[in-house]
Amino acid sequence: MSDAPPSELITTSADAKRLLVVDDDLSVVQYVRALGRHQMFAVDGAANLAAAVDCARRQKPDAVLIDMHLGPEESGLDLPEMLRRVPGMDKVPMGFLSGNSSFASRIAAVRAGAVLYSVKPLEPDQLSLVVQHLLASGTAETAQILIATHNKAEADIFGQALSAAGFPVSYCHDGNQLPEVLSAVRPDYLLLDDQLPPYCGLDTVRLIRSMIRWSDLYVALLTDSQTEQSRRAVCDSGADEWLYRPITSGELCDRVSATVRRVRQLRERFDRDQVTGLSLRRPFLEMAGAQFEEARRRGQSLAIGMLDLDHFKRVNDTHGHHTGDRVLASLGRLLQTRLRPQDLRARWGGEEFCVAFEGESARSAGAYIERLLAEFMGQGCVNEPGERFEVSFSAGVAALPNDGNSIETLIQRADARLYEAKRGGRARVVCGQGAA
């Protein structure tokens, strides 16, 4: 690795994701542990098979990164089977590092259960991507599934199997209600019957693809027909795959598991900021726009908060860009862990962040952000030489219905109040007239 590992910023929180690194090269474990402090995930290290199994028993990891060659007497290829015997480890993703780039070595890793294979030596940026990919693989099972079919008995059978496999499942039995259900459920995967009265499934897929919010939703069409003409029609409609009846619950669960894992990995890579772990602006706008329309339709509130780190250029100039990135990561982690699951968070750009608070007024959202500000300032930051310093942010808040009739207007109003907070002395939240 060409760069020195990043130094500690703050201790990772108890709810941080956990990575088990199995490598007899202590420098690799130390580097990944430092990377974890930088990107807010926890790291356990083990130098051999027995120690790795012991670590997994004491603290279940969210992913495992294994050196394929653990010295002259042990092979990392033996570890996945050993770890699968540990309670709760049967679905934890595992990846391999190896100095061997041969096809045979890669096949051996895949047969051992690897979801990732990377060739050493790795540059720091490459290692960071490897870790993100592994940790993202471990979150795919939480994907929301929507089953849309008129056959309620079949839906119940599939839904019970998917729920038992760990997937949250929702249902729609009326084609006219599907747009409303999509907005309410926000699925990651849609299992759609080729007949969803009063419409056929192909027309329903075309409708979904015409909606910007759902243009990239994964759609599997459930059909009885296996003719070439029907297969071509499914492809032409925009569906991602077709599933033929009869299909067993076990096969369905296997297909869904494999698909949502792949979809989640792609979204993590292209829709998520690597430094903070938050959504990027485009996917945030899509989700917030749908959230706004749903709130307006239901007569509910929605608040937008714009946050900007104070004097961030001074942080970079004084302490260096590595420390600046860690400051960004620490605020990103705070937004991930302290807000509710339904609240949307994004790195808007540079040192600016955006949050959407479902069902909150400007005042109540402002109170949330005030508490975040106090905690962020209280935890402090540490630069490369180990010197502690304080960082703050300023924020502005706007909310439906008083501050605008579109998501763009709310963001603009919140942004204007953010600059009012800056002019007012920074380290404050403005959600109307004056600071909160």
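In which sense, left-handed or right-handed, does helix H8 cross helix H9? In this predicted model, H8 passes H9 in a right-handed crossing. The residues that make the contact are Leu202, Val205, Arg206 and Arg209 on the side of H8, and Ala233, Val234, Asp236 and Ser237 on the side of H9. By character, the residues of this contact of H8 with H9 comprise four nonpolar, one polar and three charged. Helix H8 spans residues 201–209 and helix H9 residues 228–237, and their axes come within 9 Å while crossing at roughly 20°. Because angles under 35 degrees count as roughly parallel, H8 and H9 are therefore described as roughly parallel to each other.

A second helix pair is formed by helix H12, residues 312–319, and helix H13, residues 321–338, whose axes come within 7 Å and cross at roughly 140°. With this angle, H12 is oblique to H13. The contact involves Phe312, Val315, Asn316 and His319 of H12, together with His321, Thr323, Gly324, Val327 and Leu328 of H13. Here the residues of the contact divide into four nonpolar and five polar, with no charged residue.

Turning to the sheets, five strands in the order E2-E1-E3-E4-E5 make up an open sheet with parallel pairing. Strand E2 (42–46) and strand E5 (116–119) stand at the edges and each has a single partner strand, so that one side of each is left without a neighbour in the sheet. From one strand to the next, the twist averages 20°. Within this sheet, strand E3 (residues 63–67) and strand E4 (residues 94–98) run parallel and are joined by four bridges, and Val64 has Met94 as its bridge partner in E4. Helix H2, residues 49–58, packs on the sheet, where it touches strand E1 (18–22) and E2, and its direction makes about 145° with that of E2. Helix H4, residues 103–111, likewise packs on the sheet, touching E4 and E5, with a direction at about 145° to that of E5.

Another open sheet is formed by five strands in the order E7-E6-E8-E11-E12, and its pairing is parallel. Its edge strands are strand E7 (169–172) and E12, each of which pairs on one side only. On average, and with direction ignored, neighbouring strands of this sheet are turned by 20° against each other. Strand E11, residues 218–223, pairs with E12 in the parallel sense over four bridges, and Leu221 stands opposite Trp242 in E12. Helix H6, residues 152–164, lies across strand E6 (145–148), E7, E8 and E11, and runs at about 165° to E7.

Salt bridges were also examined, and a search of the whole structure finds 29 of them. In one salt bridge, the side chains of Asp193 and Arg245 meet at 2.9 Å, N to O. Asp193 lies in strand E8 (residues 189–193), whereas Arg245 lies in the loop between strand E12 (241–244) and helix H10 (249–271), so the pair ties together parts that are 52 residues apart in sequence.

Definitions and conventions:
Residues are numbered from 1 along each chain as its sequence is written. This is a predicted model: local features need pLDDT of at least 70, side-chain atom pairs count only at pLDDT 80 or more; totals for chains, interfaces and linings use all residues. Side-chain values use heavy atoms; hydrogens and water are left out. Axes are lines fitted to C-alpha atoms, for helices over the stretch in contact, and angles run from 0 to 180 degrees between N-to-C directions. Helices (H or I, at least four residues) and strands (E, at least two) are DSSP runs, numbered from the N terminus. Angles under 35 degrees count as roughly parallel, over 145 as roughly antiparallel, 65 to 115 as roughly perpendicular and the rest as oblique. A crossing is left-handed if the near helix is turned anticlockwise from the far one by less than a right angle, and right-handed if clockwise. Contact means heavy atoms within 4.5 Å. Ala, Val, Leu, Ile, Met, Phe, Trp, Tyr, Cys and Pro count as nonpolar, Asp, Glu, Lys and Arg as charged, and the others, Gly among them, as polar. Two strands pair if DSSP finds at least two bridges between them. A salt bridge is a side-chain nitrogen of Lys or Arg within 4 Å of a carboxyl oxygen of Asp or Glu.
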